[in-house]
Amino acid sequence: MGDEKDELTVLHADMPGEMLASLKLIAADAFRSAKAHKDIAQHVKAAFDLKYPPPDNKASSGVYHCIVGTNFACSVTHESNAACYLERNNVKLLLFKSKD
């Protein structure tokens, strides 16, 4: 078992339980396999774009965005049921879907 400090903590979630469970698995894998924050973000975004593509396969219908870091501020507009903010070892991860 991993250290308690290595656990993902969900700080805010606006997504269905099944999607949140997928995100936690994908994010845990990204944190394990990637060292740079940009690589973690790329891993999570690519996995979510693949697993949850737009219904019509057009980017104008919404795509996922992922921000990872230890110190950032943001204000975003996201699709309903498509956003989550979590943390692991003081590294925050924000994933959201937006049409803009």
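The following exchange between a trainee and a mentor goes through some features of this structure.

Trainee: What kind of model is this, and at which pLDDT do local features and side-chain atom pairs count?
Mentor: This is a predicted model, in which totals for chains, interfaces and linings use all residues, while local features need pLDDT of at least 70 and side-chain atom pairs count only at pLDDT 80 or more. Residues are numbered from 1 along each chain as its sequence is written, and side-chain values use heavy atoms, with hydrogens and water left out.

Trainee: Which element supplies the largest share of the largest nonpolar core?
Mentor: A nonpolar core is a set of buried Ala, Val, Leu, Ile, Met, Phe, Trp, Tyr and Cys residues joined through side-chain atoms within 4.5 Å, where buried means under 20% relative accessible area, exposed over 50%, and partly exposed in between, with a 1.4 Å probe and protein chains only. The largest such core has 24 residues, of which Leu23, Phe31, Val44, Phe48, Leu93 and Leu95 touch the most other members. At least two residues each come from α1 (17-33), α2 (37-51), β2 (63-69), β3 (83-88) and β4, these elements being DSSP runs numbered from the N terminus, with helices (H or I) of at least four residues and strands (E) of at least two. The largest share, seven residues, is supplied by α1.

Trainee: Which residues does Leu95 touch, not counting those up to four places away in sequence?
Mentor: Leu95 is one of the core residues that touch the most other members, and contact here means heavy atoms within 4.5 Å. With residues up to four places away in sequence not counted, Leu95 touches Leu23, Val44, Phe48, Tyr64, His65, Cys66, Ala82, Ala83 and Cys84.

Trainee: How many disulfides are there by the distance rule?
Mentor: A disulfide is a pair of cysteine sulfur atoms within 2.5 Å. The sulfur of Cys66 is 10 Å from the closest cysteine sulfur, in Cys84, which is too far for a bond. Cys66 is buried at 16% relative accessibility, and Cys84 is buried at 1%. The count of disulfides therefore comes to zero.

Trainee: Which residues form one aromatic cluster?
Mentor: Rings of Phe, Tyr and Trp (its six-membered ring) pair if their centres lie within 6.5 Å, and planes under 30 degrees apart count as stacked, over 60 as edge-to-face and the rest as tilted. The rings of Phe48 and Tyr52 have centres 4.9 Å apart and planes at 45°, so this pair is tilted, whereas Phe48 and Tyr64 form an edge-to-face pair, with 5.1 Å between centres and 75° between planes. Because Phe48 lies in helix α2 and Tyr64 in strand β2, the latter pair ties together parts that are 16 residues apart in sequence. The cluster is formed by Phe48, Tyr52 and Tyr64.

Trainee: How many salt bridges does the structure hold?
Mentor: A salt bridge is a side-chain nitrogen of Lys or Arg within 4 Å of a carboxyl oxygen of Asp or Glu. Lys38 meets Asp39 at 3.0 Å, and Lys45 meets Asp49 at 2.4 Å, with Lys45 and Asp49 both in helix α2, four residues apart, or about one turn of the helix. Lys92, which is buried with a relative accessible area of 16%, forms a salt bridge with Glu87, the closest N and O atoms being 3.2 Å apart. The structure holds three salt bridges.

Trainee: How far from Lys97 is the nearest side chain of opposite charge?
Mentor: Lys97 is found in strand β4 (residues 91-98), and leaving aside neighbours within four places in sequence, its contacts are Ser61, Gly62, Val63, Tyr64, His78, Glu79 and Ala82. Lys and Arg count as positive and Asp and Glu as negative, while His and the chain ends are not counted. Lys97 is buried yet has no salt bridge, and the nearest side chain of opposite charge, Glu79, lies at a distance of 6.2 Å.

Trainee: What is the phi of Asn90, and where does Asn90 lie?
Mentor: Asn90 lies in the loop between β3 and β4, and at 44% relative accessibility counts as partly exposed. Asn90 is a residue other than glycine with a positive phi, the value being near 65°.
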